[in-house]
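Okay, thanks for making room for me this morning. Let me put the structure up so that you can follow along.

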Amino acid sequence: NGKKLYDQLQKGGFYDQYKRDNAHTTISVDSIKVKMDEIPYKAKNWLKQSVYWAGYSKAVPYCAVMDIVEDNHSEKNPFGLMITNLGFVEYNAGLPAPNDSIQ
């Protein structure tokens with residue numbers, strides 16, 4: 001499979017292969033915590049990304065950590081909030097992550 005994928009990358013047919021094999025991903029959110037007692041707000045988002053390709057699937061857990069700052073309200077940003085300092089930390093989906101504190 002690795003050699004086949006490499007050859008198709010070289011020939012420029014990578015997208016076509018994904019399309020033929022119906023490759024796609026899905027995201028499911030486990031939980032979200034927001035700490036709003038100081039500015040910038042801090043948030044953690046525990047989620048699982050599932051990757052599907054050629055009959056193969058795998059769920060990969062992530063924990064996204066971020067700061068949320070106030071920004072100008074606009075039609076594209078009606079709440080006036082912007083995510084900054086986005087990063088990812090280890091998350092074992094088998095553990096009770098929502099009890100994790102926000103630093």
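I'll start with the whole chain and then go through some single residues.

First, the ground rules: this is a predicted model, so local features need pLDDT of at least 70, side-chain atom pairs count only at pLDDT 80 or more, and totals for chains, interfaces and linings use all residues. Residues are numbered from 1 along each chain as its sequence is written, and side-chain values use heavy atoms, with hydrogens and water left out.

So, the overall picture. The protein has two helices and four strands, and from the N terminus the order is α-α-β-β-β-β. Those elements are DSSP runs numbered from the N terminus: helices are H or I with at least four residues, strands are E with at least two. Of the 103 residues, 22% are buried. Buried here is under 20% relative accessible area, exposed is over 50%, and partly exposed is in between, using a 1.4 Å probe and protein chains only.

Now strand 1, residues 24–35, which is where Ile 32 sits. Ile 32 is exposed, at 55% relative accessible area. It also helps make a nonpolar surface patch of about 490 Å², together with Ile 27, Val 29, Val 34 and Met 36. For a patch, residues need over 30% relative accessible area and no salt bridge; like charges are joined within 9 Å, and nonpolar side chains (Val, Leu, Ile, Met, Phe, Trp, Tyr) within 5 Å. A salt bridge, by the way, is a side-chain nitrogen of Lys or Arg within 4 Å of a carboxyl oxygen of Asp or Glu. The areas are Shrake-Rupley values with a 1.4 Å probe, and for residues only the protein chains shown count as cover.

Next, the loop between strand 1 and strand 2, home of Pro 40. The Ile 39 to Pro 40 peptide bond is cis, with omega near 0°.

On to strand 2, residues 41–53, and Asn 45. Is Asn 45 buried or exposed? Buried, at 17%. Beyond neighbours within four places in sequence, Asn 45 is in contact (heavy atoms within 4.5 Å) with residues including Val 29, Ile 32, Tyr 62 and Met 66.

In strand 3, residues 56–70, look at Ala 59. That one is partly exposed, at 45%, and with the same neighbours left aside, Ala 59 is in contact with Gln 49 and Ser 50.

Last stop is strand 4, residues 81–89, with Asn 85. Asn 85 is exposed at 61% and has a positive phi of about 50°, though it isn't a glycine. Most residues other than glycine have a negative phi.
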